[in-house]
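Trainee: I'm new to this one and would like to learn how to read it. Can we go through it together, please?

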Amino acid sequence: MVETQDSSILAQLRWPDMRLPILYTKSRPDRIYSSEITWPSLDLCKLGSLTFKAPDNVKYPSMELAYAAGRAGGTMTGVLSAANEKAVEMFINEQIGYLDIFKVVELTSNKHQAELVSSPSLEEIVHYDLWARDYAATLQFSAGLRPALV
C-alpha cells in the first residue's frame, strides 16, 4: 500500500506470492499479461475480510528504521538497503548472528546521517551504496554484542 500526497491509499492486492511484484517491477511502467503464470485470482468475497494491525516496533525494530530512512530520503534509503544486503550476506556466511542484522543496518544508517545527500546524483547514489556495504563489513560483534570496527 502506498499513501499519496492527497492522503489517498493505493493498494496492490494479491495472494501472498512474490511473482506478481517481480513481474510488475520488471515490466514497469507497462503491465504484462502472462498466460504462463497460473495463480488464483483474489476473490474478495471469498476472502471475506482483511485485518490490519499496527506494527509491533519492539518486535520488529527494522520497521521504524526503514520509516526513518524514508522520511530522511536522499541517500539514506539506499544506504539502508545496501547495509541490509551486506548484513544478510554476513549472516549467511556466519560472520554475525541473526539479531545482529538489525544492529549492522542501524549502525551504518546512524553513521551515514552526517553525510546524507538530499538530492543525490547517480554517482552519489552508487558511492554511498558501496560505502554502506564497506562500512557494514567493518562491523563485527563480540559475545557481548558490542560493535567493534575490524
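Mentor: Sure. Start with burial: a residue counts as buried when its relative accessible area is under 20%, and as exposed when that area is over 50%. Keep in mind that this is a predicted model.

Trainee: Let me try that on Y128. Is Y128 buried or exposed?

Mentor: Y128 has a relative accessibility of 10%, so it counts as buried. W131 comes out at 18%, so W131 is buried too.

Trainee: How do Y128 and W131 sit relative to each other along the chain?

Mentor: Both belong to helix α6, which covers residues 122-138, and they are three residues apart, or about one helical turn.

Trainee: And how do I read the geometry of their rings?

Mentor: Look at the distance between the centres and the angle between the planes; over 60 degrees counts as edge-to-face. For Y128 and W131 the centres are 6.5 Å apart and the planes are at 70°, so this pair is edge-to-face.

Trainee: Which residues make up the ring cluster?

Mentor: Y128, W131 and Y135 are linked by ring pairs into a cluster.

Trainee: How many aromatic pairs does the model have?

Mentor: The count is three. One of them joins F91 and Y98, with 5.7 Å from centre to centre and 70° between the planes, which is edge-to-face.

Trainee: How accessible are F91 and Y98?

Mentor: F91 is partly exposed, at 32% relative accessible area, while Y98 is exposed, at 58%.

Trainee: Now for helix packing. At what angle do α4 and α6 pack?

Mentor: For packing, check the angle and the distance between the axes. Here the angle is about 40° and the axes are 8 Å apart. The two helices, α4 and α6, are therefore oblique to each other, and their crossing is right-handed.

Trainee: Which residues of α4 and α6 meet there?

Mentor: From α4 the contact includes G78, V79, A82 and M90, and from α6 it includes Y128, W131, A132 and A136. Sorted by class, the contact between α4 and α6 has nine nonpolar, one polar and four charged residues.

Trainee: So Y128 and W131 turn up again, in the contact with α4. One last stop: where does G73 lie?

Mentor: G73 is in the loop between α3 (61-72) and α4 (76-92). Its relative accessibility is 17%, so G73 counts as buried.

Trainee: How far apart are G73 and G97?

Mentor: Read sequence and space separately. G73 and G97 are 24 residues apart in sequence, and 29 Å apart in space from C-alpha to C-alpha.

How values were computed:
Residues are numbered from 1 along each chain as its sequence is written. This is a predicted model: local features need pLDDT of at least 70, side-chain atom pairs count only at pLDDT 80 or more; totals for chains, interfaces and linings use all residues. Side-chain values use heavy atoms; hydrogens and water are left out. Rings of Phe, Tyr and Trp (its six-membered ring) pair if their centres lie within 6.5 Å; planes under 30 degrees apart count as stacked, over 60 as edge-to-face and the rest as tilted. Buried means under 20% relative accessible area, exposed over 50%, partly exposed in between (1.4 Å probe, protein chains only). Helices (H or I, at least four residues) and strands (E, at least two) are DSSP runs, numbered from the N terminus. Axes are lines fitted to C-alpha atoms, for helices over the stretch in contact, and angles run from 0 to 180 degrees between N-to-C directions. Angles under 35 degrees count as roughly parallel, over 145 as roughly antiparallel, 65 to 115 as roughly perpendicular and the rest as oblique. A crossing is left-handed if the near helix is turned anticlockwise from the far one by less than a right angle, and right-handed if clockwise. Contact means heavy atoms within 4.5 Å. Ala, Val, Leu, Ile, Met, Phe, Trp, Tyr, Cys and Pro count as nonpolar, Asp, Glu, Lys and Arg as charged, and the others, Gly among them, as polar.
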